[in-house]
Amino acid sequence: MPALKKIKTWLFKFRMRVTDGYALSSYSQEGEDMVLRRIFEGKSSGFYVDVGAHHPARFSNTNFFYRRGWRGINIEPNPDVVAIFRRDRKRDINLQLGVSDRPQMLKYHFFNDPALNSFDEELVAQRLANTPYKVIGSADVPVQRLDAILNQHLPAGTAIDFLTIDVEGLDFLVLQSNDWTRYRPVCVLVEALGTSMEDVAGSEIYEFMKSQGYLLFAKTYNTWIFRTPDSVS
């Protein structure tokens with residue numbers, strides 16, 4: 001037994017020297033998953049919905065939780081990326097779809113950095129005019145309302161712990177497409193590009209989430225994090 005204890009002590013010290021044993025791996029672009037980790041601390045399993053999932057690991061708000069046993073629904077228009085999700089996220093439900101306020105076909109623009117892919121024609125034009133990024137292709141992709149997707153794919157009796165939305169320009173339409181009386185995640189993350197805390201009051205996203213009974217709980221560089229009042233302690 002003393003020998004085993006010495007081995008464990010040596011292994012612990014070795015790990016601390018080789019890696020920072022106190023560090024946590026964040027996969028989000030701006031640390032959103034670390035805010036969520038604090039909110040859901042001690043919760044060993046849960047369920048997320050990721051609209052505009054982008055990639056299983058790169059800039060992912062959900063990968064930290066998947067690696068700890070959670071599961072969820074990933075919604076992404078890019079067929080190449082959905083194939084990667086289906087390979088790497090086998091516990092998850094992975095859908096090749098867009099989300100908007102009504103079912104339709106929309107033109108999806110592919111940039112040379114997939115994080116910028118978008119349905120939003122105005123945003124695409126702005127990025128082409130003001131950044132070095134280029135559109136390398138486009139395709140017509142079906143989009144559905146979020147509530148219709150959840151009606152069809154959310155496992156029966158499953159509560160959503162957090163909903164994360166990053167769809168490069170159509171975020172407000174995604175929020176409007178949910179049935180907030182039926183699907184009420186504890187936390188909702190919404191991209192709001194180029195905003196400060198002073199921009200919050202009076203913005204359409206803030207006013208809409210407030211009307212649905214949510215509080216603005218935190219903000220990262222480009223993401224607002226809303227939370228239900230009864231989950232704040």
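User: Where in this predicted model is Glu-168 placed, and is Glu-168 buried or exposed?
Analyst: Start with the neighbouring elements: strand 7 covers 162–165 and helix 7 covers 171–176, and Glu-168 sits in the loop between them. Now for the burial: a residue counts as buried when its relative accessible area is under 20%. Glu-168 has a value of 6%, so Glu-168 is buried.

User: What is the phi of Glu-168?
Analyst: Glu-168 is a residue other than glycine, and yet its phi is positive. The value is near 50°.

User: Which loop holds Phe-59, and what is the phi of Phe-59?
Analyst: Phe-59 is in the loop that runs between strand 1 (47–51) and helix 3 (63–66). Phe-59 is not a glycine, but its phi is positive, at about 55°.

User: On which side or sides of helix 6 are the buried residues Leu-146, Asp-147, Ile-149 and Leu-150?
Analyst: Helix 6 spans residues 146–153, and these four residues in it are buried. Around the axis they cover an arc of only 160°, so they lie on the same side of helix 6. As a handy background rule, an α-helix has 3.6 residues a turn, so residues three or four places apart point the same way. For these four, then, the place is the same side of helix 6.

User: Which residues form a nonpolar patch on the surface with Phe-217?
Analyst: Phe-217 is found in strand 9, residues 215–219. Phe-217 is partly exposed, with a relative accessible area of 38%. The patch has about 230 Å² of accessible area together, and the partners of Phe-217 in it are Leu-215 and Val-232.

Note on methods
Residues are numbered from 1 along each chain as its sequence is written. This is a predicted model: local features need pLDDT of at least 70, side-chain atom pairs count only at pLDDT 80 or more; totals for chains, interfaces and linings use all residues. Side-chain values use heavy atoms; hydrogens and water are left out. Patches are made of residues with over 30% relative accessible area and no salt bridge: like charges are joined within 9 Å, nonpolar side chains (Val, Leu, Ile, Met, Phe, Trp, Tyr) within 5 Å. Accessible areas come from the Shrake-Rupley method with a 1.4 Å probe; for residues, only the protein chains shown count as cover. A salt bridge is a side-chain nitrogen of Lys or Arg within 4 Å of a carboxyl oxygen of Asp or Glu. Helices (H or I, at least four residues) and strands (E, at least two) are DSSP runs, numbered from the N terminus. Buried means under 20% relative accessible area, exposed over 50%, partly exposed in between (1.4 Å probe, protein chains only). The arc is that of the directions from the helix axis to the C-beta atoms.
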